[in-house]
Amino acid sequence: MTTPYTITRVGDAYLVSTRDVNWVLVEDGHDLTLIDGGYPGNTVDVERSIRDIGHQVRDIRGILLTHAHVDHLGGAARIASRHSIDTWTGPVEVPHARRDYLQQLSPARLPLVLWRRGALGWLLDITRLGGTDRGGIDQVGAYDASRLDLPGSPVAVPTPGHTDGHTSYLIPGSGVLVSGDALITGHPVSRLRGPQLIVRPFSHDRDATVDSLDAIASVDAGTLFPGHGAVWAGSMRDAAGQARATAGPWRP
Ligand SMILES: [Zn+2]
């Protein structure tokens, strides 16, 4: 079972984009950093995308997670355990990644999104991809923000709210911000296109998610690689401003 994707390269960073979720590869010579890894069912797609850019899975020096939702952690956890690759996320996110608790929309609250156009197709799709898997990742550590020694020299930009320990990552040499679900540009259950907040029921703390747009606005990058949706070019201040406009109290 494979899922189609497109790959967009900006500098040394590659956005791999499926209909439902994205992941990112950062290249430094022979070495790679993988940021997020799709659903459990995307594991083969992540491996294929690595070959598509001329690498092998063994080139991965480390995996970073923006946050521990199943659509970002699932494939990454499987690749990490199969190939014994070290995985890091924000210190606050580590217990979430280990599944000491789960800050994810529960099946009981799914009706909050199922009324949306496209939601039923999305639900079928993510069920096929292992979206109901509640497993975590045991071998995960907290990154040292002052010294993230991985290919591409990622810089952690804490962006809590979507989950308590969500982190975005700046790839300085490529001018790319990997924003995870702190700021997205599209989603199968959203009719909006362009920078936006993910629909409200998916975020643990919506107010904190809005506050984290300030952190994104202050990042010096010209390209946004979101967790969902297409690549977006422009200033992070503009991206954050557009997303803020989608976040009014009357907006879902
Ligand atoms: Zn998420």
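What covers the buried residues of α1? Let's start there. This is a predicted model, so keep that in mind throughout.

The cover on those residues includes strands β1 (6–10), β2 (13–17), β3 (22–28), β4 (31–35) and β5 (60–64). Helix α2 (70–83) is also included. Now the residues themselves. Helix α1 spans residues 43–52. Its buried residues are Thr-43, Asp-45, Val-46, Glu-47, Ser-49 and Ile-50. Just past the end of the helix sits Gly-54, with a positive phi of about 85 degrees.

Next, the sheet behind those strand names. Seven strands make up an open sheet, and the pairing is mixed. The order is β1-β2-β3-β4-β5-β6-β7. At the edges stand β1 and β7 (141–142). Each has a single partner strand, so one side of each has no neighbour in the sheet.

Let's walk through β2. Is β2 mostly covered or mostly open? Mostly covered: five of its five residues are buried. Look at the directions. Ala-13, Leu-15 and Ser-17 point one way. Tyr-14 and Val-16 point the other way. Both sets are buried. As background, side chains in a regular strand alternate between the two faces of the sheet.

Now the partners of β2. On one side is β1. The two strands pair in the antiparallel sense, over five bridges. Thr-6 has Ser-17 of β2 as its bridge partner. Two residues lie between the strands of this hairpin, and Gly-11 there takes a positive phi near 60 degrees.

β3 is the next partner. Again the strands run antiparallel, and five bridges join β2 to β3. These two also form a hairpin, with four residues between them. Which residue of β3 does Ser-17 stand opposite? Asn-22. Further along, Leu-15 stands opposite Val-24 in β3. Ser-17 is worth a pause. Its bridge partner in the β1 pairing is Thr-6, and in β3 it faces Asn-22.

On to the other sheet. Five strands form it, also open and also mixed in pairing. Their order is β8-β9-β10-β11-β12. The edge strands here are β8 (155–158) and β12 (232–233), each pairing on one side only. Take the β8 edge. β8 pairs with β9 (residues 167–171) in the antiparallel sense, over four bridges. Within that stretch, Pro-158 stands opposite Thr-167 of β9.

Now zoom out to the whole chain. How many helices and strands are there? Eight helices and 12 strands. Why call the chain as compact as a globular protein of its length? The radius of gyration is 16 Å, and the globule rule gives 18 Å for 252 residues; the two values are close, so the description holds. For the box, the C-alpha atoms fill roughly 50 × 35 × 35 Å along the principal axes.

Burial next. Of the 252 residues, 59% count as buried. As for contacts, take those with a separation of 6 or more. Residues 24 or more positions apart account for 66% of them.

Last, surface and charge. The accessible surface comes to about 10500 Å². Carbon and sulfur atoms hold 51% of that area. The chain carries 23 positive and 27 negative charges. Their mean positions are 8 Å apart.

To close, back to the opening helix. Thr-43 and Ile-50 are among the buried residues of α1, and β2 is among the elements that cover them.

Notes. Residues numbered from 1 in each chain as written. Predicted model: local features only at pLDDT ≥ 70, side-chain atom pairs only at ≥ 80, totals over all residues. Heavy atoms only, no water. Buried < 20%, exposed > 50% of the residue type's maximum accessible area, 1.4 Å probe, protein only. Contact = heavy atoms within 4.5 Å. Rg over C-alpha atoms; globule rule 2.2 N^0.38 Å. Areas by Shrake-Rupley, 256 points an atom, 1.4 Å probe, with all protein chains shown as cover. Lys, Arg positive; Asp, Glu negative; His and termini not counted. Charge placed at Lys NZ, Arg CZ, Asp CG, Glu CD. Pairing = 2+ DSSP bridges.
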